[in-house]
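Reader: I've got this one open on my screen and I'd like a close look at the tail end of the chain. Could you take me through that part slowly, then work back to the rest so I can see how the pieces sit together?

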Amino acid sequence: MSFSPSNAVRAARDETPASAHSMSEIASAIKVGEPGSFAALGTAFLTRLPAAPVPDPYFIALSNEMAETLGFDPDVVTGAEKNEFAAYFAGNPTRDWPAGSLPYAAVYSGHQFGVWAGQLGDGRALTLGEVEHDGARLEVQLKGAGRTPYSRMGDGRAVLRSSIREFLCSEAMHHLGIPTTRALAVIGSDLPVRRETIETAAIVTRVSPSFVRFGHFEHFYSNDRIDELRALADHVIDRSYPHCREADDPYLALLDEAVRTTADLMARWQGVGFCHGVMNTDNMSILGLTIDYGPFGFMDAFNAHHICNHSDTQGRYSYSRQPQVGYWNLFCLAQALVPLFGANLPEEGRAERVVEAAQKVLERYKDRFGPALVATMRAKLGLETEREGDDKLANGLFEIMHANRTDFTLTFRNLSKLAKADSSQDAPVRDLFLDRAAFDAWAAQYRERLAHEPRDDAARAAAMNRVNPKYVLRNHLAEQAIRRASEKDFSEVARLLDVLRRPYDEQPENEAYAGLPPDWASGLEVSCSS
Ligand code: AMP
Ligand code: MG
């Protein structure tokens with residue numbers, strides 16, 4: 001695996017020009033129930049219903065890149081139709097939902113914190129439909145748009161703070177080159193929402209080629225609805241993994257894709273110090289995308305066992321356990337797909353052969369995650385060549401980072417300044433460590449290793465700066481933007497989004513966004529409550 005940020009943002013000039021220049025054009029570009037769409041799977045998979053309107057929706061933020069990717073002219077938002085834009089993406093139709101255009105909530109189940117939770121589903125998300133633009137089909141979904149048949153005890157809403165966090169992090173992850181669902185906009189309303197205190201509502205427009213989760217498969221498996229299970233797998237294969245059709249067993253090939261993309265995603269998360277916080281099987285994308293941003297966090301001070309979710313009292317989803325949980329979740333997925341495997345095998349001995357084959361595919365997770373992580377770490381350390389012991393060198397750094405609680409992002413970013421020949425340039429990274437002797441001992445090993453590298457310091461530093469971000473969505477940065485937004489000042493959300501669009505660039509005017517968190521930030525807590 002190479003750890004180059006696979007930014008899918010194409011230069012504007014290469015893009016198909018925006019085709020929707022007004023709200024009515026945007027609304028008609030979002031189609032629901034087209035052949036081959038998730039909605040076309042039918043009523044066993046979803047319930048069609050209107051969104052619950054919110055009072056006086058107001059515009060908070062837009063991702064211009066996402067608008068362009070969808071073929072929406074971003075100027076609609078700043079133009080005369082700003083209020084219509086806010087109303088539409090709050091789920092308030094400006095007229096009745098035309099026949100056949102009702103959005104839908106999908107049903108799924110899942111394992112939460114290692115325990116079978118039964119039926120869940122889109123309790124507060126409604127998919128408006130999908131947009132076809134520039135050769136891609138993307139689903140457009142409102143999160144926080146009101147109660148659905150799957151809301152259980154919930155109110156169907158999302159609060160302002162969690163919506164801003166999801167919006168910013170979706171876009172930040174994309175610009176880091178990490179697979180993720182995307183976000184188009186955040187719309188707010190003063191509708192009160194009860195959490196630990198009374199907050200206000202917001203709606204995030206999420207965008208993804210698919211919102212299918214491992215839990216979708218578990219749902220139909222657990223209900224013994226094998227025809228639906230197959231239809232779902234066929235849908236995912238047709239839409240996202242068409243090459244699986246050529247395999248001897250397309251459904252095993254689908255599992256293999258989930259194994260591959262999940263292993264890759266876990267290596268990416270570990271590489272930037274990202275903790276998801278709620279890796280339940282209903283929060284795992286079949287496409288290996290980061291999905292459902294809740295109590296996530298980018299680590300500031302490195303702690304290998306960091307738990308970002310205050311509600312995760314056992315630390316099931318701590319940083320160091322994420323890769324293992326990815327595997328555990330894939331095991332649940334494999335279990336759910338078993339009835340589809342081996343359709344061409346003779347009845348005699350099929351069950352055993354199917355289980356064996358599924359296990360073999362699952363085992364590939366380890367073969368993929370390990371090398372993916374080592375490749376990620378090599379790139380982070382600026383190693384162009386591969387040598388025995390590179391993993392130990394990386395682990396050695398993590399050990400002293402953990403012992404010294406050094407800042408994850410700054411340690412790697414500043415490491416690029418270190419010189420190959422001597423310790424004269426060590427200070428920016430060395431000074432992050434309280435135990436300087438421990439750093440010096442590690443740096444000596446690192447320099448020994450760098451001696452085998454063909455690149456000079458400048459070339460190595462440039463390469464390292466392309467994989468070690470300077471700017472990540474630190475909790476305190478999100479918090480500052482949220483505090484301002486709750487006073488109706490949305491400028492900090494826009495500014496932060498702009499900084500996070502170029503996470504690998506030096507941005508001298510935004511140096512403050514790259515610094516250590518202030519003292520007040522150490523008390524910040526995020527929980528499942530969103
Ligand atoms: P999560 O772990 O936050 O992704 O959510 C787990 C399940 O709870 C999903 O089925 C969500 O749709 C549902 N859920 C979470 N919050 C709410 C809410 N406020 N109202 C309705 N359903 C919710
Ligand atoms: Mg979820």
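Author: Let's start with Arg495, which sits in helix 17, a helix covering residues 491-500. Keep in mind as we go that this is a predicted model. Arg495 is partly exposed, at a relative accessible area of 39%. If you leave out its neighbours within four places in sequence, the residues in contact with Arg495 are Glu509, Asn510 and Tyr513. Take Asn510 from that list: it is 15 residues from Arg495 along the chain, and the two C-alpha atoms are 9.6 Å apart.

Now slide along to Glu506, in the segment that comes after helix 17. Glu506 is partly exposed too, with 47% relative accessibility. Beyond its sequence neighbours up to four places away, Glu506 is in contact with Arg413, Lys470 and Glu511. For a sense of distance, try Pro454: Glu506 and Pro454 are 52 residues apart in sequence, and their C-alpha atoms are 25 Å apart in space.

Pro454 is a handy place to turn back, since residue 454 is where domain 3 (383-454) ends. Ahead of domain 3 come domain 1 (28-208) and domain 2 (214-378). Going by C-alpha atoms, the centres of domain 1 and domain 3 are 43 Å from each other.

While you're in domain 3, have a look at Arg405, in the loop between helix 11 (390-404) and helix 12 (408-415). Its phi is positive, near 50°, and it isn't a glycine. Most residues other than glycine have a negative phi, so that kind of value is worth a glance. Arg405 is partly exposed, with a relative accessible area of 40%. There's a companion case in Asp56, another non-glycine with a positive phi, here about 40°. Asp56 is in the loop between strand 1 (46-48) and strand 2 (58-62), and at 66% relative accessibility Asp56 counts as exposed.

Time to go inside. The largest nonpolar core has 126 residues, and the members touching the most others are Phe72, Phe85, Phe89, Leu184, Phe217 and Ile286. Helix 8 (residues 250-272) is the top contributor to this core, giving 13 residues. Domain 1 and domain 2 both supply residues to the core, so it lies between them. A second core sits apart from that one, with 28 residues that include Phe302, Ala304, Leu397 and Leu415. As a general habit, nonpolar side chains tend to be buried together in soluble globular proteins.

Ile286 is a nice one to click on. Setting aside neighbours within four places in sequence, the contacts of Ile286 include Val212, Arg213, Phe214, Phe217, Val236 and Tyr241. Leu254, Ala258, Thr261 and Leu333 are also in contact with Ile286.

A few places back from there is Asp282, which an unreviewed UniProt entry lists under "active site". You'll find Asp282 in the loop between strand 11 (274-275) and strand 12 (297-298). Is Asp282 buried or exposed? Asp282 is buried, because its relative accessibility of 6% is under the 20% limit. Not counting residues up to four places away in sequence, Asp282 touches Tyr108, Ser109, His111, Gln112, Leu120, Arg213, Gly215 and Asp292.

That last contact, Asp292, takes us to the metal. The magnesium ion (ligand 2) has Asn283 (OD1) and Asp292 (OD) as its protein donors, 1.9 to 2.1 Å from the ion. Asn283 is buried at a relative accessible area of 10%, and Asp292 is buried as well, at 13%.

One last stop: the cysteines. How many disulfides does the structure hold? Zero. Look at Cys275 to see why: the closest cysteine sulfur is the one in Cys308, 4.7 Å from the sulfur of Cys275, which is too far for a bond. Cys275 itself is buried, at 0% relative accessibility. Cys332 is buried too, with a relative accessible area of 8%.

Terms used. Residues are numbered from 1 along each chain as its sequence is written. Chains are lettered from A and ligands numbered from 1 in the order in which they are written. This is a predicted model: local features need pLDDT of at least 70, side-chain atom pairs count only at pLDDT 80 or more; totals for chains, interfaces and linings use all residues. Side-chain values use heavy atoms; hydrogens and water are left out. Domain bounds come from an automatic or database domain assignment. Donors are N, O and S atoms within 2.8 Å of the metal (3.2 Å for Na, K and Ca); water is not among the atoms, so sites may look incomplete. Buried means under 20% relative accessible area, exposed over 50%, partly exposed in between (1.4 Å probe, protein chains only). A nonpolar core is a set of buried Ala, Val, Leu, Ile, Met, Phe, Trp, Tyr and Cys residues joined through side-chain atoms within 4.5 Å. Helices (H or I, at least four residues) and strands (E, at least two) are DSSP runs, numbered from the N terminus. Contact means heavy atoms within 4.5 Å. UniProt positions are given in the numbering used here, feature names are shortened, and annotations may be inferred rather than shown by experiment. A disulfide is a pair of cysteine sulfur atoms within 2.5 Å.
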